[in-house]
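Biologist: I am new to reading protein models, and I would like a close look at one part. Could you walk me slowly through a place where helices pack, and then show me a little of what surrounds it?

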Amino acid sequence: MAIKAKNQRLVLALLALVALVGAALLAMSALKDQAAYFYTPSDAKKDHVDVGRAVRLGGMVQKGSIQRLADGVTINFVVTDNVETVPVRFQGIVPDLFKEDSGVVAEGSFQPDGSFVATNILAKHDERYMPPQVSMKNPAMHESESLKK
Amino acid sequence: MHIFANPARFLSIARPLTPWLGWGGALLIALALIPGLFLTPSDYLQGESVRIMYVHVPAAWLGMAGWSGIAVSSLMQLIWRHPLAAVAARAIAVPGALFTGLCLVSGSLWGRPTWGTYWEWDGRLTSMLILFFLYLAYIALSSAGAERGSNDRISAIFGVVGAANIPIIHYSVEWWRTLHQGQSIGLGGSKIDPSLLWPLLVSTLGFSLLFAAIVLMRMRAMLAEAKIEARLKRMTAE
């Protein structure tokens, strides 16, 4: 039985596609830990991140933890992933979206005492978009998915 | 799909369809962006800068949909040797690159007031930048291939292989911790309030129609060019 050339090509192309997608997925799952953009407080503790190494620390700004010092440029706050917490100190200007109970990514390094000194602060927001009135009223919109990870 | 593989039949459909898609798209974009940029409510957290979404999200969608179109066309070209499939893939590449670039620029301008940075090398931003480079490489490769002749299989293979980046872009925010937020719209519903969602959907549809019109125009121009070349060749042979 002769197989038509175009059917042969169809089968070959589909096999190549499956192999390609499989290879990409395998490569990406292997990258999973290396490609993470920041450490959570739990990861940082588990991996024993070296003191003084330039890293990013991400999580939520713990409610009630932001303190602005008297010099006007230094702030202290606590980053949490609801398991571990890390106290962070930063001198400079923070983004407008930097708020308590909201996502944050701090660039800097760990200190010998386990605290973190940030050289730059980025705000991370979640996937919800709504007008201010709705954010007060609608409880269904209160759950943040992406920041829980 | 096979009946459209005939260029004459394709042209008889594409010619009247182009203005409908183009003007329909322009109308929908106006219906979405005029209210979206001036009238709809601002975001509870981001304020007015959320309006960048009405351009950024359609641009991102078309950048990714464009390459998916290139991959499907390339597969059809490789399997069934449809001459029109190669033309379609080449026609998609330039507007695809354009919208990917628009996505990167609008995203960068959005990142500064919200995240506090124009650019960060996180999974989503990096994979989208790679898509932009893939488009540039594809355009260079396929225009060189078009010079060589119609039987251009190298850019078709590149079009299929490059499609591996599309699921990576999509899942980057789930697989890896990123600065970019997760998906707002999924199978479980939308995390965007209806008052902010409708301009987004209308604008996405409008830009998609405009994209289709651009692709049809480019395909018609390419077919016309091929016709002229064939005619010139015949004239010089006589």
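Modeller: Happy to: we begin with a helix pair in chain B, follow one helix to its end, and then turn to chain A. Please keep in mind that this is a predicted model.

Find helix α2 of chain B, residues 53–80, and helix α4 of chain B, residues 123–148. Their axes lie 11 Å apart, and the angle between them is about 45 degrees. The two helices α2(B) and α4(B) are therefore oblique to each other. As for its hand, the crossing of α2(B) and α4(B) is left-handed.

Which residues of α2(B) and α4(B) make the contact? From α2(B) come B:Ala60, B:Leu62, B:Gly63, B:Met64, B:Gly66, B:Trp67, B:Ile70 and B:Ser74. On the other side, α4(B) brings B:Met128, B:Leu131, B:Leu134, B:Tyr135 and B:Tyr138. Sorted by character, the residues of this contact are ten nonpolar and three polar, with no charged ones.

Now follow the chain into the loop between α2 and α3 (83–114) of chain B, where you will meet B:Arg81. B:Arg81 has a positive phi of about 60 degrees, although it is not a glycine. Here is some background: most residues other than glycine have a negative phi. With a relative accessible area of 35%, B:Arg81 is partly exposed.

Chain A offers another such residue. A:Asn82 is not a glycine, yet its phi is positive, at about 70 degrees. Look for A:Asn82 in the loop between β3 (74–80) and β4 (85–91) of chain A. A:Asn82 is exposed, because its relative accessible area is 70% and the cut-off for exposed is over 50%.

Next, look at A:Ser42, which lies in helix α2 of chain A, residues 41–46. Setting aside neighbours within four places in sequence, A:Ser42 is in contact with A:Asp81, A:Val83 and A:Glu84. A:Ser42 is partly exposed, with a relative accessible area of 23%. For a sense of scale, A:Ser42 and A:Ser65 are 23 residues apart in sequence and 18 Å apart in space, C-alpha to C-alpha.

Finally, step back to see chain A as a whole. Chain A has three helices and six strands, and from the N terminus on its elements run α-α-β-β-β-β-β-β-α. Of the 149 residues in chain A, 42% are buried. Chain A exposes about 8,700 Å², and carbon and sulfur atoms supply 58% of that.

Methods:
Residues are numbered from 1 along each chain as its sequence is written. Chains are lettered from A and ligands numbered from 1 in the order in which they are written. This is a predicted model: local features need pLDDT of at least 70, side-chain atom pairs count only at pLDDT 80 or more; totals for chains, interfaces and linings use all residues. Side-chain values use heavy atoms; hydrogens and water are left out. Axes are lines fitted to C-alpha atoms, for helices over the stretch in contact, and angles run from 0 to 180 degrees between N-to-C directions. Helices (H or I, at least four residues) and strands (E, at least two) are DSSP runs, numbered from the N terminus. Angles under 35 degrees count as roughly parallel, over 145 as roughly antiparallel, 65 to 115 as roughly perpendicular and the rest as oblique. A crossing is left-handed if the near helix is turned anticlockwise from the far one by less than a right angle, and right-handed if clockwise. Contact means heavy atoms within 4.5 Å. Ala, Val, Leu, Ile, Met, Phe, Trp, Tyr, Cys and Pro count as nonpolar, Asp, Glu, Lys and Arg as charged, and the others, Gly among them, as polar. Buried means under 20% relative accessible area, exposed over 50%, partly exposed in between (1.4 Å probe, protein chains only). Accessible areas come from the Shrake-Rupley method with a 1.4 Å probe; for residues, only the protein chains shown count as cover.
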